[in-house]
Amino acid sequence: MNATAKNDAVVLDKVVKRYTPNSPPAVDQVSLHFASGCLTTLLGPSGCGKTTTLRLIAGLEMASAGRILIGNQDVTHLPATQRDVSMVFQSYALFPHMRVSENIRYGLEVSGLSPEEMNNKVDQVLNLLGLAALRARFPHELSGGQQQRVAVARALVLEPQVLLFDEPLSNLDAKLRRQVRQEIRELQQSLKLTVIYVTHDQEEALAISDTIVVLNNAVVAQIGTPRELYERPQTRFVADFMGEANILPCGVAPHDASHAHIRIADLSLVVPGQCDAPRSGHLAIHPSKVGIGSATSGAGLPGQLRKVSYLGDHMEYTVQTAVGDLVVHDTRTQQPFAADSAVVLCLPEEATVLLAD
């Protein structure tokens, strides 16, 4: 997201969207740079502004303030038909009375191409997405995954500068969702497409993105790679949203230039982070990073097991401690701890994150 202007396919400059003059903004002073050839995901809970942001880029909504540039052209006041983007909708929006090839060809009808040129482009995209054998079928004769691929093909055949996806997998079951998201990612990487992708699914965002933009309450909460956002969230909201981290109140004191001294109940840690003066704060750690052992297994944060759940590849424990309940994921499923057991929790210093808020 720090690419120079010549490498930015889309730029949002202090964009605001209000639906009425006195309403709270649906998008509030959002500035973003979307790098060319990359897949950037807008991630956040319902109502955070991610779909509105996508629709502003597409020209389906008009900005109340700010600027939108696509390929260094100011398109802020241009209609959707004059922006070089294509959008794949959540509902697929296929024409039920048209065959697959006709659905894909539809957007080319106003392109000025000859019938032969249009047919060649349709054939190319059908072959690219493995749809050639389905070209004569109607949408109702296709599976959900096949319909999704047709929707992508219809967008790709226009050869847009930017391809926009609005919750494209939400109508698919879990197994098919994983398969189709991998297909989208492989297609994006092989063709070096510029993709802006909207989802509320953290796992989906982590699996396919070069960059993730987390939105909350109409503003940008944090931008980073999937690993950065998961392992180094900056705020309580991002820590909780990206993997449902445990968030613990703690005392914070200076240690050195890059580490802080943390106190959680009777437990002392030195963790990555900066602290100029003693204060109270919060520490985040993901459930999979918390170690759990019997009460006699050594030093750590003591607790009482309140809930035990078997989730196939791991156990999920809810442990009551002096600083609140912690969730722990443990891959040792053969001999789980029993409910009401006294346990001790280990918080590895390198796996903890000192939050800014």
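**Exercise 1. Locate Glu159 and describe its backbone and exposure.**

Solution. Step 1: Glu159 sits in the loop that links α4 (144-156) to β7 (162-166). Helices (H or I, at least four residues) and strands (E, at least two) are DSSP runs, numbered from the N terminus. The model is a predicted one, in which local features need pLDDT of at least 70 and side-chain atom pairs count only at pLDDT 80 or more, while totals for chains, interfaces and linings use all residues. Residues are numbered from 1 along each chain as its sequence is written, and side-chain values use heavy atoms, with hydrogens and water left out.

Step 2: although Glu159 is not a glycine, its phi is positive, at about 50 degrees.

Step 3: Glu159 is exposed, its relative accessible area being 52%. Here buried means under 20% relative accessible area, exposed over 50%, and partly exposed in between (1.4 Å probe, protein chains only).

**Exercise 2. Carry out the analysis of Exercise 1 for Ala218, and state whether this residue is buried or exposed.**

Solution. Step 1: Ala218 belongs to the loop between β9 (211-216) and β10 (219-224).

Step 2: the phi of Ala218 is positive, about 75 degrees, although the residue is not a glycine.

Step 3: with 7% relative accessibility, Ala218 counts as buried.

**Exercise 3. Determine how far helix α1 is enclosed, and examine Thr53 within it.**

Solution. Step 1: helix α1 covers residues 50-58, and Thr53 is part of it.

Step 2: the buried residues of α1 are Lys50, Thr52, Thr53, Leu54, Leu56, Ile57 and Ala58. Because seven of the nine residues of α1 are buried, the helix is largely enclosed by the rest of the structure.

Step 3: Thr53 has a relative accessible area of 2% and is buried. Neighbours within four places in sequence aside, Thr53 is in contact (heavy atoms within 4.5 Å) with Leu12, Val27, Leu42 and Leu215.

Step 4: after α1 comes Gly59, with a positive phi near 90 degrees.

**Exercise 4. Describe the surroundings of Gly37.**

Solution. Step 1: Gly37 lies in the loop between β2 (27-35) and β3.

Step 2: the relative accessible area of Gly37 is 23%, so this residue is partly exposed.

Step 3: setting aside neighbours within four places in sequence, Gly37 is in contact with Gln188, Lys192, Leu193 and Thr194.

Step 4: Asn246 is 209 residues from Gly37 along the chain, and the C-alpha atoms of the two are separated by 35 Å.

**Exercise 5. Characterise the largest pocket and the second largest pocket by volume and lining.**

Solution. Step 1: the largest pocket has a volume of about 800 Å³. On a 1 Å grid over the protein atoms alone, a pocket is an open set of points where a 1.4 Å probe fits, with protein on both sides within 12 Å along at least five of seven lines, and lining residues have an atom within 4 Å of a point. Grid points are joined across faces, edges and corners, and a volume is the space filled by probe spheres set on the points.

Step 2: the largest pocket is lined by 27 residues, and Val85, Ser86, Met87, Gly107 and Leu158 are the closest to its centre. The elements that give two or more residues to this lining are β6 (85-88) and α4. The largest share, four residues, is that of β6.

Step 3: the lining of the largest pocket comprises 17 nonpolar, four polar and six charged residues. In this scheme Ala, Val, Leu, Ile, Met, Phe, Trp, Tyr, Cys and Pro count as nonpolar, Asp, Glu, Lys and Arg as charged, and the others, Gly among them, as polar.

Step 4: the second largest pocket holds about 450 Å³. Its lining has 15 residues, with Glu203, Tyr230, Gly243, Glu244 and His329 nearest its centre. Two or more residues of this lining come from each of α6 (202-208) and β18 (324-330), and the largest share, three residues, from α6.

Step 5: the lining of the second largest pocket divides into six nonpolar, six polar and three charged residues.

**Exercise 6. Summarise the chain and the confidence of its prediction.**

Solution. Step 1: the chain contains eight helices and 20 strands. Of its 357 residues, 46% count as buried.

Step 2: the average pLDDT (the predictor's confidence in each residue, from 0 to 100) is 92, and 98% of the residues score at least 70.

Step 3: among the elements, helix α5 (residues 174-191) has the lowest mean pLDDT, 88, and strand β3 (residues 39-43) the highest, 98.
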